[in-house]
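Here is a set of short exercises, each with a worked solution. Keep the sequence and the model open as you go.

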Amino acid sequence: LLTLLADMYTVRVATLEDLPVLLEFEQGLIRAERPMDPTIKDGKISYYDVGEFIRSKDAEVYVVVREGKILASGCARIMPDRHYLKHERMGYLGFMYVVEEYRGRGLNQLIMEKLVEWCKNRGLKEMRLVVYDSNEPALRAYEKAGFKKHLITMRLNIDET
């Protein structure tokens with residue numbers, strides 16, 4: 001299936017020329033996640049410095065393109081991990097986005113394949129990401145890519161107690 005998808009779509013490293021579309025993707029992520037997270041500020045916010053990710057040697061942003069249109073994105077960053085773990089660094093995934101009308105077509109899998117390869121080529125043994133517990137489509141996509149649930153973050157709004 002990935003071979004068939006690879007024939008239909010191109011996966012490439014993002015460039016600074018892609019930044020306007022990628023910033024739109026970031027706002028799409030924020031719109032999708034706001035209903036899942038009451039702690040996100042109101043108004044215009046930004047999660048990432050996507051331009052810095054594109055420029056950094058310790059990060060890589062991939063995009064899926066078809067007929068000149070960017071349809072999906074994903075990023076891996078090399079990050080230090082906790083001192084007591086077996087590994088010192090990990091690949092931290094984020095900025096995973098697929099244009100709504102192209103969801104469910106395997107584009108996330110194409111991106112994940114490239115991100116895993118990028119992390120392996122840098123000697124990383126561990127990859128992690130954070131996903132909302134209520135984001136069932138994302139959970140299924142990551143589990144399909146081989147990720148397993150590991151930790152649960154819990155929160156308490158003291159004002160509501």
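## Exercise 1: a loop and its residues

Threonine 15 sits in the loop between β1 and α2. Helices (DSSP runs of H or I, at least four residues) and strands (runs of E, at least two) are numbered from the N terminus. The model is a predicted one: local features need pLDDT of at least 70, side-chain atom pairs count only at pLDDT 80 or more, and totals for chains, interfaces and linings use all residues. Residues are numbered from 1 along each chain as its sequence is written, and side-chain values use heavy atoms, with hydrogens and water left out.

Task. Classify threonine 15 as buried, partly exposed or exposed, then do likewise for leucine 16.

Solution.
- Start with the cut-offs. Buried means under 20% relative accessible area, exposed means over 50%, and partly exposed lies in between (1.4 Å probe, protein chains only).
- Threonine 15 has a relative accessible area of 30%, so it is partly exposed.
- Leucine 16 lies in the loop between β1 (10-13) and α2. Its relative accessible area is 36%, so leucine 16 is partly exposed.

Task. Find what leucine 16 touches beyond its sequence neighbours, and where two distant residues lie relative to this loop.

Solution.
- Contact means heavy atoms within 4.5 Å.
- Leave aside neighbours within four places in sequence. Leucine 16 is then in contact with Gly51, Ile54 and Arg55.
- Aspartate 58 is 42 residues from leucine 16 in sequence, and their C-alpha atoms are 16 Å apart.
- Tyrosine 62 is 47 residues from threonine 15 in sequence, with 9.0 Å between the C-alpha atoms.

## Exercise 2: two helix residues

Task. Place glutamine 27 and glutamate 113, and compare their exposure with the cut-offs.

Solution.
- Glutamine 27 belongs to helix α2, residues 19-33. Its relative accessibility is 17%, so it counts as buried.
- Glutamine 27 touches Lys44 and Ile45, with residues up to four places away in sequence not counted.
- Glutamate 113 is in helix α4. Its relative accessibility is 39%, so glutamate 113 counts as partly exposed.
- Glutamate 113 and glutamine 27 are 86 residues apart along the chain, and 24 Å separates their C-alpha atoms.

## Exercise 3: the two sides of a helix

Task. Which residues of α5 are buried, and which exposed residues are on the face turned away from them?

Solution.
- Helix α5 covers residues 136-144, and Ala138, Leu139, Ala141 and Tyr142 are buried there.
- Look down the axis of α5. The buried residues fall within an arc of 165°, so they line one face of the helix. The arc is that of the directions from the helix axis to the C-beta atoms.
- The face turned away from that buried side carries the exposed residues Pro137, Arg140 and Lys144.
- The buried residues of α5 pack against β4 (89-98) and α4 (107-121).
- Glycine 146 follows α5 and has a positive phi, near 105°.

## Exercise 4: positive phi outside glycine

Task. Where do glutamate 67 and phenylalanine 95 lie, and is each one buried or exposed?

Solution.
- Begin with the background. Most residues other than glycine have a negative phi.
- Glutamate 67 has a positive phi, near 50°, and is not a glycine. It lies in the loop between β2 (59-66) and β3 (69-80). At 79% relative accessibility, glutamate 67 counts as exposed.
- Phenylalanine 95 has a positive phi of about 55° and is not a glycine either. It lies in strand β4. Phenylalanine 95 is buried, with a relative accessible area of 1%.

## Exercise 5: the whole protein

Task. How many helices and strands does the protein have, and in what pattern do they follow along the sequence?

Solution.
- Count the elements: 5 helices and 5 strands.
- Read along the sequence, the pattern is α-β-α-α-β-β-β-α-β-α.
- Check the compactness. The radius of gyration is 16 Å, close to the 15 Å from the globule rule for 161 residues, so the protein is as compact as a globular protein of that length. This radius is taken over C-alpha atoms, and the rule is 2.2 Å times the number of residues to the power 0.38.
- Of the 161 residues, 41% count as buried.
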